[in-house]
Amino acid sequence: MAEKKATSKASPEKPQKKGLIWIIGFVIAVIAGIFFGIPDKSDEVLTGVADSNLQVHYIDVGQGDCILLENGDDTLLIDCGEIGEDDTVKAYLEKQGITQLDYVVGTHPHSDHMGCMDKIVASYDIGEIILPHIDDSDIPTTKYFERFMTSVESKGYSITEAETGRKFSVGDAECEIIAPCSDDYSNANNYSVGIIVHHGENSFIFTGDAEKLAEKEMIESGRLEDIDVYKVGHHGSDTSSSEEFLEVIKPDIAVISCGMGNKYGHPCDVTLEKLVGYTNKIYRTDISGTVVITSDGKSLAVTEEKIQ
């Protein structure tokens with residue numbers, strides 16, 4: 001009998017009632033969702049997918065380092081290159097529409113990393129300036145560093161010493177300071193501020209000019225892990241990128257910041273050979289110009305300026 005009812009002709013009112021009931025149910029569900037928080041799957045955040053893209057710009061400043069991180073409205077500038085590169089850096093930031101910087105990190109006080117930092121400090125509103133702790137006897141007396149300190153003072157800024165283990169955010173990317181691990185080094189390169197950046201499932205590492213001693217300390221700290229993108233230490237010098245260090249981070253992509261035909265012979269052949277053991281995706285600013293890597297939290301896309 002039930003089957004017969006189901007196949008018998010229905011009165012005209014019945015489909016109208018079903019439609020009305022469906023509409024009423026839908027309205028109730030929407031109201032319930034608004035007032036009682038019924039989950040909406042469209043709002044769910046998938047693991048490893050970030051809210052916004054992270055762009056990492058390895059800016060071509062010749063024989064030096066300058067890296068810009070952008071995520072949403074947040075920015076981080078790591079180093080700025082040699083004396084005289086300020087026009088290059090400022091032009092690039094202007095092209096990106098950047099008028100202020102949330103964080104500026106000077107990895108260590110060498111001119112190929114901080115040579116024009118006085119001009120950057122003078123030109124932008126900066127949220128925080130981070131430098132490594134440097135023993136009093138190792139504080140530079142060079143003109144460029146004196147100009148930097150004068151610029152910091154004239155803008156009323158203060159300097160924050162890098163604290164290993166500290167975390168801070170650039171948009172939805174999490175940054176962790178992983179070096180320096182000691183307070184006193186005989187080589188200023190080893191004071192370099194090291195930073196790991198996580199964005200969804202993707203990770204980046206920046207180690208300035210940290211050499212093998214500092215790399216060993218980073219390994220021993222237990223803060224290292226498999227890394228997707230490695231900004232190759234010390235411009236590809238054979239004093240950095242030790243076998244032990246590379247075996248821990250196992251990079252999928254390597255970016256080397258160096259000047260074309262530089263007098264140091266960077267990057268060294270031995271370093272390139274070691275990197276090839278992990279990846280064939282090796283980018284060099286002396287060949288590619290500025291390299292930009294975009295992360296959506298899952299995948300990575302690389303673009304090159306390409307020097308003609």
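This report covers salt bridges, one helix, one edge of strand pairing and a buried lysine in a predicted model.

Residues are numbered from 1 along each chain as its sequence is written, and side-chain values use heavy atoms, with hydrogens and water left out. Because the model is predicted, local features need pLDDT of at least 70 and side-chain atom pairs count only at pLDDT 80 or more, while totals for chains, interfaces and linings use all residues.

**Salt bridges**

Side chains of opposite charge can pair when their charged atoms come close. A salt bridge here is a side-chain nitrogen of Lys or Arg within 4 Å of a carboxyl oxygen of Asp or Glu. The whole structure contains eight of them, including the three in the table.

| Basic residue | Acidic residue | Closest N to O distance |
|---|---|---|
| Arginine 166 | Glutamate 128 | 2.8 Å |
| Arginine 223 | Glutamate 176 | 3.3 Å |
| Lysine 250 | Glutamate 247 | 3.3 Å |

Helices (H or I, at least four residues) and strands (E, at least two) are DSSP runs, numbered from the N terminus. Arginine 166 sits in the loop between strand 6 (159-161) and strand 7 (167-170), and glutamate 128 belongs to strand 5 (residues 125-131), so their salt bridge ties together parts that are 38 residues apart in sequence. For accessibility, buried means under 20% relative accessible area, exposed over 50%, and partly exposed in between (1.4 Å probe, protein chains only). Arginine 166 is partly exposed at 22%, whereas glutamate 128 is buried at 16%.

Arginine 223 and glutamate 176 form a salt bridge. This pair also links distant parts of the chain, 47 residues apart: arginine 223 is in the loop between helix 7 (212-221) and strand 11 (229-231), and glutamate 176 is in strand 8 (residues 173-179). Arginine 223 is partly exposed at 29% relative accessible area, and glutamate 176 is buried at 17%. In the third pair, lysine 250 is partly exposed at 35% and glutamate 247 is partly exposed at 41%.

**Helix 9**

Helix 9 (residues 269-276) has Thr271, Leu272, Lys274 and Leu275 buried. These residues cover an arc of only 160° around the axis, so they lie on the same side of helix 9; the arc is that of the directions from the helix axis to the C-beta atoms. The exposed residues Asp269, Glu273 and Val276 are on the face turned away from the buried side. Strand 11, helix 8 (243-249), strand 12 (253-256) and strand 13 (282-284) are among the elements that cover the buried residues of helix 9.

**Strand 1 and lysine 231**

Strand 1 (residues 54-58) is largely enclosed by the rest of the structure, because four of its five residues are buried. Two strands pair if DSSP finds at least two bridges between them. Strand 1 runs antiparallel to strand 2 (residues 67-71), with five bridges, and antiparallel to strand 14 (residues 291-295), also with five bridges. Tyrosine 58 has isoleucine 67 as its bridge partner in strand 2 and stands opposite valine 291 in strand 14.

Lysine 231 is part of strand 11 and is buried, at 1% relative accessibility. Its side chain makes a polar contact of 2.6 Å with that of aspartate 65. A polar contact is a pair of N or O atoms within 3.5 Å; within protein, one must be able to donate a hydrogen and the other to accept it, and residues adjacent in sequence count only if both atoms are side-chain atoms. Counting contacts as heavy atoms within 4.5 Å, and leaving out residues up to four places away in sequence, lysine 231 touches Tyr58, Asp65, Ile67, Ile205, Phe206, Thr207, Gly208 and Val255.
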